[in-house]
Amino acid sequence: MLDFRPELNAIWAQLQITAADTPEIAALFQQEPQRVSDLTLEAAGLRVDLSKNKVSQQQLKLLLEFAAQSPLSYHRSALFEGKPINSSENRAVLHPALRDFGEITALTSGYRDTVYEQRARMLTAAEQIRSGEWLGHTGKPITDIINIGIGGSDLGPKLVYEALREFRHNTLTVHFISNVDGAEIYSLLKTLNPETTLVAIASKTFTTQETLLNAKTALAWLRQGLDIEQVEASSHVVALTASAANAVSYGVAPERVLPFEEWVGGRYSLWSSIGFGIACAVGGEAFSELLQGAHALDKHFAEAPLDQNIPVLMALIGIWNINFLGYPTQAVIPYCERLGLLSAYLQQLDMESNGKSTLRDNTRANTATGPIVWGQTGTNGQHAFFQLMHQGTHTIPVEFIGALQDTLSDATHHRTLLVNMIAQASALMSGKPAPDGEAYRDYPGDKPSTMILIEQLTPASLGALIALYEHKVFVQGSLWGINSFDQWGVELGKKLTNELLPKEADLKAFDESTRALMGLVNTRL
Ligand SMILES: O=P(O)(O)OC[C@H]1O[C@](O)(CO)[C@@H](O)[C@@H]1O
């Protein structure tokens with residue numbers, strides 16, 4: 001895999017020099033009369049206006065030259081060709097294959113057959129549940145599914161389930177349990193009937209502590225409620241996993257294991273059988289539309305030249321903000337309450353992928369890497385943290401997301417919502433000087449933002465939006481010289497938890513504060 005140190009490329013130094021002279025965003029509109037049309041791009045049903053970023057077209061050109069001299073194009077082809085770009089684990093990263101409909105020619109037919117077969121198997125199971133054909137132990141159809149999973153086995157399906165509320169089956173409910181916090185699962189179980197509940201254990205590895213403990217609790221509840229000993233093997237349990245052998249030795253009936261491949265990264269897995277809860281809720285047709293939307297964006301990313309490529313341009317602007325303007329965070333503000341989980345989803349996608357300081361070549365990074373991603377919906381955020389964005393001492397680049405139409409709303413509400421979004425972006429950029437003696441009313445402006453518009457929130461536009469972010473994160477990782485597809489940072493905490501869990505654990509190796517805290521916990525539990 002091609003190693004890369006961004007700061008060793010000659011253009012990096014040029015970018016540093018030019019960044020110091022970046023004009024105010026408002027001035028860029030004066031200097032570049034075509035700025036809005038030049039910097040507004042459309043693909044896969046997304047319209048992305050980059051013009052309110054604090055970067056001149058000349059600087060953007062330089063960023064594009066930098067990208068052209070980097071291994072990005074190689075990595076992009078390698079992604080679609082199934083090369084092992086996850087170098088630390090020597091694995092391909094083929095989530096685009098999960099939504100391939102035969103058009104991205106670089107994908108080999110070997111992958112395609114497996115994907116089609118696994119997808120058909122998952123959609124068939126989902127359809128049996130939707131139609132009432134899938135019966136529980138006492139002969140009743142399923143009304144509730146508990147998706148037990150965490151991280152990528154939870155965030156993606158939960159985001160899509162919430163976002164596609166409008167398309168959901170009207171008598172089937174999917175519940176998402178991720179946290180090991182027992183208050184969650186016990187509260188949920190009190191509301192459900194075991195006779196009509198299906199537990200979907202969603203875990204790529206089938207070894208994740210939180211998921212296995214929650215599954216144990218749910219299965220004990222099923223066992224007691226249904227009075228069956230081998231509840232794991234009953235029609236109340238399915239496994240969504242890349243480790244079919246682990247699921248089978250856990251006791252899940254092999255025909256109820258819905259597999260996916262090792263080369264699907266956890267945070268890229270909603271398109272695989274991890275999306276079972278989505279498919280049960282919205283059906284096979286809408287699930288396919290979700291995949292097709294993502295595929296349309298894949299095609300754009302794979303084929304568009306770098307200067308017309310939306311994920312590439314968004315990634316470059318992100319790098320510009322982080323590395324050259326010194327803005328370390330990225331706010332994502334959807335003006336759509338159904339996208340309320342987007343920032344949580346993107347936190348894993350982005351921060352687990354690029355929150356790293358070791359490069360592919362095993363050396364330390366000398367540049368800043370992945371941003372701190374955060375956000376919530378507008379207009380709610382306007383009444384919370386927007387104060388800091390307008391007048392605080394930090395500059396926070398924003399990605400605004402809005403839908404031009406919403407069939408669940410009405411014209412008055414929806415116009416008000418969209419106008420709020422546009423007004424905020426304008427206020428952040430243009431600002432307003434304070435009247436004399438009233439400095440507290442000063443709006444300095446010059447705060448960058450990107451505006452992503454879709455026509456309507458549909459399975460296809462949602463698929464495209466998520467794929468856009470996947471590729472943006474991938475491009476940034478490539479340009480920083482990072483392997484975006486492992487997550488070693490989460491391992492140490494897991495290991496220490498396992499060491500501390502036994503009551504008789506030897507605490508000698510731990511610091512005094514940890515020993516005192518564990519001493520306290522040990523007196524209670
Ligand atoms: O699907 P699994 O194997 O249970 O893993 C859950 C999550 O845990 C992680 O490995 C680490 O947090 C994520 O990358 C993954 O999505």
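Here is a walk through this structure, from its domains to the ligand site and then to a few helices. Keep in mind as you look around that this is a predicted model.

Let's start with the overall layout. The protein splits into domain 1, covering 99-287, and domain 2, covering 498-524. Going by C-alpha atoms, the centres of domain 1 and domain 2 sit 35 Å apart.

Now for the ligand. It has 15 residues around it, and the closest are Gly 151, Gly 152, Ser 203, Thr 208 and Gly 266. What is the shell around the ligand made of, in terms of nonpolar, polar and charged residues? It breaks down into 10 polar, 3 charged and 2 nonpolar residues.

Next, find helix 4, which runs over residues 57-69. With 13 residues at 1.5 Å each, helix 4 should span 18 Å, and its end C-alpha atoms are indeed 18 Å apart, so the two values agree. Which residues of helix 4 are buried? They are Gln 59, Leu 62, Leu 63, Phe 66 and Ala 67. Look down the axis of helix 4 and these buried residues fall within an arc of 145 degrees, so they line one face of the helix. The face turned away from that buried side carries Gln 58 and Lys 61, which are exposed. As for what lies over the buried residues of helix 4, the cover includes helix 1 (10-19), helix 5 (72-81), helix 13 (310-324) and helix 17 (459-480).

Helix 13, one of those covering elements, is worth a stop of its own. Its 15 residues reach 20 Å from the first C-alpha to the last, close to the 21 Å expected at 1.5 Å a residue. Is helix 13 enclosed or open to the outside? Of its 15 residues, 15 are buried, so helix 13 is largely enclosed by the rest of the structure. After helix 13 comes Gly 326, with a positive phi near 75 degrees.

Last, pick out Leu 159, which belongs to helix 8 (residues 155-163). Leu 159 counts as buried because 24 other C-beta atoms lie within 10 Å, and the cut-off for that label is 20 or more. Which residues does Leu 159 touch, once its neighbours within four places in sequence are set aside? Its contacts are Leu 341, Leu 342 and Tyr 345. In the same part of the chain you can check Ala 344: it is 185 residues away from Leu 159 along the chain, yet their C-alpha atoms are separated by 8.7 Å.

Terms used: Residues numbered from 1 in each chain as written. Predicted model: local features only at pLDDT ≥ 70, side-chain atom pairs only at ≥ 80, totals over all residues. Near = placed C-beta within 6 Å. Nonpolar A, V, L, I, M, F, W, Y, C, P; charged D, E, K, R; others polar. Domains from an automatic or database assignment. Helix = DSSP H or I, 4+ residues; strand = E, 2+ residues; numbered from the N terminus. Expected span 1.5 Å × (residues − 1). Buried ≥ 20, exposed ≤ 12 C-beta atoms within 10 Å, placed from the backbone. Arc of directions from axis to C-beta. Contact = placed C-beta atoms within 7 Å.
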